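User: Could you take a close look at the disulfides of this model, and at the strands around one of them? I would like a connected account rather than a list.

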Amino acid sequence: MVRSLSALLPLALVALLAAGCPDPAEQPIPCDDNADCPGTLLCIGGTCDEPSGATCAVDTDCPPDYICLENGRCRADAQCERDEDCCPDPAECASTCESFQCIGTACDVGDAEDCFVGCHRGERVCDNGNWTLCDALEVTASEICGDDEDNDCNGEREEGCAVCTAPESRACDAPCGSEGVQECRGDGTWGACDTSDGCQCDPAVDTVRTIACGSCGFMDSSCGPDGVWADDAVCQSEGACTPDDVETVPCGDCGVQTRTCGADCTWGALSACAAAPDACVPDSVVSEGCGTCGTQTRTCDATCTLGPPGTCVEGTGCTQGEQQVQECGRCGEKIAVCDASCRFGAFGQCQNEGTCTPGELDVEPCGNCGYRERVCGQDCEFGVFGTCQDEGECAPDEEVTEACGPSTTVGPCEQGTRTKVCNGTCRFDAAGDCIGAVFPSTEVCGDGIDQDCSGADLQVLDQFELNDSCATAFRLRNPDGSDDPNVYAQPTYDSVVDDADYFFFHGIDNTGLNTEHIKVDLTSIPAGMDLDVKLYRNLADCNSDTPLASSLNLDNADEHIDWSEAFGSSDDSDYFIKVVPYFTPSCTLPYRITVNGLR
């Protein structure tokens, strides 16, 4: 009997199920790498599988960073199962295996120190109590051109490498302190420093010179017998630092302060105390991955350093992709990301930092040699600059012309001008000579010039002044007060504007038979002065300048008048005498006038 195909199909399906056909959902997922696997599965042996569920015989059966345990299973991020895995030679190692991790005692987590590979300096850090390998450059058998390193540790950099192109040249420092010139040779290396211009000297003329050296120091050079300057070996009076160097010093609780070396090779003021970039906050707690998806904590101690890890608590690890953020540097943050083994990786570099440390002081020059400051705020950004402080009085090389000279311009005195130049410290140097000024001088009495700029020429009036006219003539009498005098006087000429001295006396005629005379003599005339004398019968003749007699000798000669009356006439009268000066008057040197009345 033939059955229909439709009747056989259900039976075939039942038979297949009874034979155990695999569930499509449980089929292995082929993969080339971990990105092809869903969820927490990893690519192991070309198929996706649980990380700790893969079977293995040796470590190479496991994915990278996994080891094959004794139970034949792969374990993520495991370093060991027993202490011997950490220390093949216990005499050279004290690490122990804890939660599949080799925990050492050689250092504390977070420690770092300098290390060397040959002459190359590097750094090694503490990883779970064990020092990592030194990250310094390897020593090579020959130089590697272009990296400016001493690759072969022979004390030279870039030897044998072309560093220049002929005929290129550059300035260089000569051994004797002057500037020389280096020229590029054909092999692309610099030649010796040509110091011929600045190093030669003359032993017969040159002895010692001083040159700058070191940090604002000086060094003496002496001229040698070979005509070359020879420098002393010691740089003297150096400053405390090199300009623009920055020094960091500890302060407060795990803080740091910085200061910058100035142009005078002295340290500037310390900045405000700020937290160190790699310091943690005391008593803060940081969680780290351990074991298989476990966590352990570390607490920041009083020195701002993370302490040793605590006990690993399995199953409390982080979630893959989870981030742990920690403050760092200048208001920045560094991030650790949870990996597939439920552990936070190492913190990355500090990101999103500000430009400064809170409290840090920034100073810049301004104005005339002044400065202004700004302070870093709590957001690690500088505020605005303040006003310019401590400015000088001028700008360098500025020239100013100013008035100078006497404090008065009375008489011949005049003010002049002088120029002063601003120096590099924004202060004026001493002004130059005063040009064009006329200063007060010693007064010359009676010359009509106000030498001392007092407003008037000095005049020293004698006892006969004011006797500068016929009307104000000084009357001469005998010592007993009687008229017709026989006397002498010693007047002076106090000024060039003193045109004449006038005297008068009353002459008494004796009406006798003898002829009487009037005699007038001028003697002891000061050097440089010429005097003339005239005799008048009365005031009217004086006013009209009608003299009875005159003596008009030239130069400094004495003058003499001898007038005789007419016989038989009455000559009673007030007789006037006029003394006229020429040339330079003298306030202090008198002349002598002798008068004999009618005798």
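Analyst: What follows is an account of three disulfides and of one sheet. The model is a predicted one, in which local features need pLDDT of at least 70 and side-chain atom pairs count only at pLDDT 80 or more, while totals for chains, interfaces and linings use all residues. Residues are numbered from 1 along each chain as its sequence is written, and side-chain values use heavy atoms, with hydrogens and water left out.

A search of the whole structure finds 19 disulfides, a disulfide being a pair of cysteine sulfur atoms within 2.5 Å. One of them joins Cys-115 to Cys-134, with an S to S distance of 2.0 Å, and with 90° about the S-S bond this link is right-handed. The pair links distant parts of the chain, 19 residues apart: Cys-115 lies in strand S7 (residues 112–117), whereas Cys-134 lies in the loop between strand S9 (130–131) and strand S10 (169–173). Strands here are DSSP runs (E, at least two residues), numbered from the N terminus. Cys-115 counts as buried at 10% relative accessibility, while Cys-134 is partly exposed, with a relative accessible area of 23%; buried means under 20% relative accessible area, exposed over 50%, and partly exposed in between, for a 1.4 Å probe and protein chains only.

Strand S7, which holds Cys-115, belongs to an open sheet of 3 strands in the order S7-S8-S9, with antiparallel pairing. Its edge strands are S7 and S9, each of which pairs on one side only. Two strands pair if DSSP finds at least two bridges between them, and 2 bridges join strand S8 (residues 120–127) to S9. Within this part, Asp-127 stands opposite Asn-130 in S9.

A second disulfide is formed by Cys-213 and Cys-235, their sulfur atoms 1.9 Å apart. The torsion about their S-S bond is about 100°, so this disulfide is right-handed. This pair also links distant parts of the chain, with Cys-213 in strand S12 (residues 208–213) and Cys-235, 22 residues apart from it, in the loop between strand S14 (229–231) and strand S15 (246–251). Both Cys-213 and Cys-235 are buried.

Cys-394 and Cys-422 form another disulfide, with their sulfur atoms 1.9 Å apart, and the link is right-handed, with 80° about the S-S bond. Distant parts of the chain, 28 residues apart, are linked by this pair: Cys-394 is in the loop between strand S23 (370–375) and strand S24 (399–404), and Cys-422 is in the loop between strand S25 (416–421) and strand S26 (474–475). Cys-394 is buried, as is Cys-422.

Definitions and conventions
Helix = DSSP H or I, 4+ residues; strand = E, 2+ residues; numbered from the N terminus.
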